[in-house]
Amino acid sequence: MKLLSAAEIDAALDDIALIDRLDAQFRAGCEMPVRHHHPIREPLGAGSADAMLLLMPAWTTGISGRIGVKVVTVFPDNGKRSLPSIYGQYLLLDGTTGATLALLDGTMLTKRRTACASGLASRYLSRPDATRLLMIGTGALAPELIRVHAKVRPITDVAIWGRTPAQAGALAARLSASLPAAIGRAIDVRVVRDRQAAVEQADIISCATLSEAPLVEGAWLHEGQHVDLVGAYTPRMRESDDHAVQRARLYVDTRAGALREGGDVVQPLASGAISEAHVIADLFELARGQRAGRAAGDAASITLFKSVGAALEDLAAAELAVERAVGATAR
């Protein structure tokens, strides 16, 4: 059995190769049950915060079939013990025998595949000449999303907005030093304080937060923009208001997930601001050519992509990471 640490996964995965693999996997499809949520009541005794066990299975069949399961635990009280609140592991199995092939760090796998799913959506939905990126949020996903968007489009200017300016400044300083080498060209990274002005000036707006109140308002958007909403992964959370969703051509990673879990879609559906027909396509339909993304030369449409994550993405990323890690070892 192959064991892949976070560092080994990070070294093995190339952003563009992973975007290509995700595109191929969405085109081919796989078996993907709805993720399992299992509450664990008061694990530290009466009065302690409830925990959660999440299981995300997916599998393909045939001679090269694989089975994958991501196991994630969320223990909110871990912070009181100086421990991470979230742990994740990914188990990859042979699809013909059930034998264990690899155990991978689930946290790094999730970061890489989530950012590359947004990169895949950007290929279909953002303007090819997009040069200005706004990143809203300064957490672990922010540098991944910035790097991937800058590889997919010719981004030359990155603005970062965060609730804590010091964290935004630290991220900007780190990326100013590392990003040019990662993407192979000069790029300006800076902190912004005026979120509305930053949204108005951007070609691509990417959000990765736990916000329960809109951070991107429809009144701020203009023709040709692409909005990438990655955070707000529960029905109570949201990163955009109803007007933004109404104005945009709306796309999702999977209909089953976004219509049930993503607050940016669930809440306007519940209020009647949009109907399910407002969702133009998911990544399955875009990859298969069944629905259109941004047409060539379309500089007018506002596109919005809502991601909640899919087990298919984990399976594709795990397979690629193991393949590349084994290949590197063989060399």
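What follows looks at an open sheet in this predicted model and at the surroundings of one serine, S211.

Start with the sheet. Eight strands make it up, lined up in the order 9-8-7-10-11-14-12-13, and their pairing is parallel. The edges belong to strand 9 (188-191) and strand 13 (279-282); each has a single partner strand, so one side of each goes without a neighbour in the sheet. On average, and with direction ignored, neighbouring strands are turned by 20° against each other.

At the strand 13 edge, the link to the sheet runs through strand 12 (residues 249-252): the two strands run parallel and are joined by three bridges. Here L250 sits opposite V279 of strand 13. Over at strand 9, a helix comes into the picture. Helix 5 (residues 165-183) packs on the sheet and touches both strand 8 (157-161) and strand 9. The direction of helix 5 makes about 175° with that of strand 9.

Now for S211, which is found in the loop between strand 10 (204-207) and strand 11 (226-229). Is this residue buried or exposed? With a relative accessible area of 5%, S211 counts as buried, because the cut-off for that label is under 20%. Its side chain reaches the backbone oxygen of A213 at 2.5 Å. The side chains of S211 and R163 are also joined, by a polar contact of 3.4 Å. Setting aside neighbours within four places in sequence, the residues in contact with S211 are R163, A232, M237 and R238. R163 thus turns up both in that contact list and as the side-chain polar partner of S211.

Note on methods. Residues numbered from 1 in each chain as written. Predicted model: local features only at pLDDT ≥ 70, side-chain atom pairs only at ≥ 80, totals over all residues. Heavy atoms only, no water. Pairing = 2+ DSSP bridges. Helix = DSSP H or I, 4+ residues; strand = E, 2+ residues; numbered from the N terminus. Axes fitted to C-alpha atoms, helices over the stretch in contact; angles between N-to-C directions. Contact = heavy atoms within 4.5 Å. Buried < 20%, exposed > 50% of the residue type's maximum accessible area, 1.4 Å probe, protein only. Polar contact = N/O pair within 3.5 Å; in protein donor to acceptor, adjacent residues only side chain to side chain.
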